[in-house]
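I opened this notebook to record what I looked up, one topic per entry. The overall fold is taken up before the contact between chains.

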Amino acid sequence: MSATEGAHPGLNIAHPHAQAQEETETALFGFWVFLMSDAVIFALLFATYGVMLPATVGGPTPATVYEIGPAFLETLILLTSSFTFGLASIAMKHDAPCRRILGWMGATLVLGLAFLALEVRDFITMFAQGATPMRSGYLSSFFALVPLHGLHVAAGCLWLVVMMAQVVVFGLDGRVRINTLRLGLFWHFLDIIWIALFSVVYLQGLIR
Amino acid sequence: MTSSKADAAREVRSYAIGYLLALLLTGFAFGAVYWRVASATTTFGIVLGLGLVQMVVHFRFFLHITLGKSSRADLQLILFSTLIIALMVSGTLVILFNLHHRMM
């Protein structure tokens with residue numbers, strides 16, 4: 001039992017022998033490499049945002065266009081979706097009925113879509129205040145950074161739909177399990193990017 | 001079967017701990033800004049500090065990156081990427097703010 005200690009939830013693929021375990025770890029390591037290169041893209045957009053922050057050319061400033069309420073709500077929703085995805089991967093690891101796994105994945109999907117809806121509503125409000133990407137260097141860098149995260153969440157939602165369909169059609173075979181684990185890493189990673197986003201973009205902009 | 005059930009319960013507990021810690025840290029960060037507990041610079045420092053702690057919490061409880069042997073390769077990859085990111089971001093900020101200063 002100690003072999004599964006500290007392993008990713010779900011690492012016991014259909015036959016929990018050493019070779020399958022090792023193959024899963026290799027597959028997930030490859031996905032980690034992708035995630036870290038994605039993190040570099042985000043980090044450089046963060047750096048651009050930091051440099052562009054004073055470049056408002058008399059237009060809207062962070063303090064006038066950000067709202068703390070929606071940002072907090074979006075944070076809570078994304079955090080909860082990470083938790084529900086965690087419950088889905090635990091259910092998958094312990095061969096819970098498909099119904100329960102699909103339920104937790106469905107809950108994650110609903111939360112992801114709610115997050116996207118709130119974020120789009122934020123952008124519409126900003127556009128109505130004249131805060132468009134064309135207005136200033138600050139807003140260009142904002143709209144390069146924050147919607148890129150939203151785009152990742154949208155891709156994650158699409159991937160969730162695909163994985164739910166695969167669970168229904170193929171059942172929980174080895175490939176479906178590995179891909180669900182990858183999706184889990186992706187989803188939790190997006191949550192970590194969001195921590196940086198709300199700290200550096202929203203909270204920094206709202207500090208007075 | 002019972003040990004599997006105990007495993008599942010332990011894992012759910014681990015995720016729940018991570019979730020609670022993340023909620024607390026998020027709440028503190030937003031609260032510090034909302035109620036203006038300190039001066040602007042100090043508040044920004046607090047927010048960044050809480051954000052870093054929350055990232056570690058997410059890596060530990062959601063992504064299962066521990067100091068144990070099973071995730072050693074992942075941990076090394078993450079630490080190396082963090083080094084690269086720190087170099088590129090701080091380098092960008094130092095050079096461009098310095099340039100900005102000189103152009104004034």
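**Entry 1: annotated spans of chain B**

I examined residues 12-35 of chain B and found 96% helix and 0% strand, with the end C-alpha atoms 34 Å apart. I note that the model is predicted. I then took residues 41-63 of chain B, where the span is 91% helix and 0% strand and the end C-alpha atoms lie 32 Å apart. I chose these spans from UniProt, where an unreviewed entry places the feature "transmembrane region" at residues 12-35, 41-63 and 75-99 of chain B.

**Entry 2: fold and dimensions of chain B**

I counted three helices and zero strands in chain B, and I read the pattern along the sequence as α-α-α. For the radius of gyration of chain B I obtained 19 Å, whereas a compact globule of 104 residues would have a value near 13 Å. Along the principal axes, I found that the C-alpha atoms of chain B fill a box of roughly 70 × 40 × 15 Å. I recorded 24% of the 104 residues in chain B as buried. Among contacts in chain B with a separation of 6 or more, I found that 45% join residues 24 or more positions apart.

**Entry 3: contact between chains A and B**

How many residues does each chain bring to the contact? I found 39 residues from chain A and 43 residues from chain B. On the side of chain A that touches chain B, I noted that helix 1 (18-52), helix 3 (68-93) and helix 6 (174-206) each supply at least two residues. I recorded the largest share, twelve residues, from helix 1 of chain A. I classed the residues on this side of chain A as 27 nonpolar, ten polar and two charged.

Technical notes: Residues are numbered from 1 along each chain as its sequence is written. Chains are lettered from A and ligands numbered from 1 in the order in which they are written. This is a predicted model: local features need pLDDT of at least 70, side-chain atom pairs count only at pLDDT 80 or more; totals for chains, interfaces and linings use all residues. UniProt positions are given in the numbering used here, feature names are shortened, and annotations may be inferred rather than shown by experiment. Helices (H or I, at least four residues) and strands (E, at least two) are DSSP runs, numbered from the N terminus. The radius of gyration is taken over C-alpha atoms; the globule rule is 2.2 Å times the number of residues to the power 0.38. A residue is buried if 20 or more other C-beta atoms lie within 10 Å of its own, exposed if 12 or fewer, and partly exposed in between; C-beta atoms are placed from the backbone. Two residues are in contact if their C-beta atoms, placed from the backbone, lie within 7 Å. Ala, Val, Leu, Ile, Met, Phe, Trp, Tyr, Cys and Pro count as nonpolar, Asp, Glu, Lys and Arg as charged, and the others, Gly among them, as polar.
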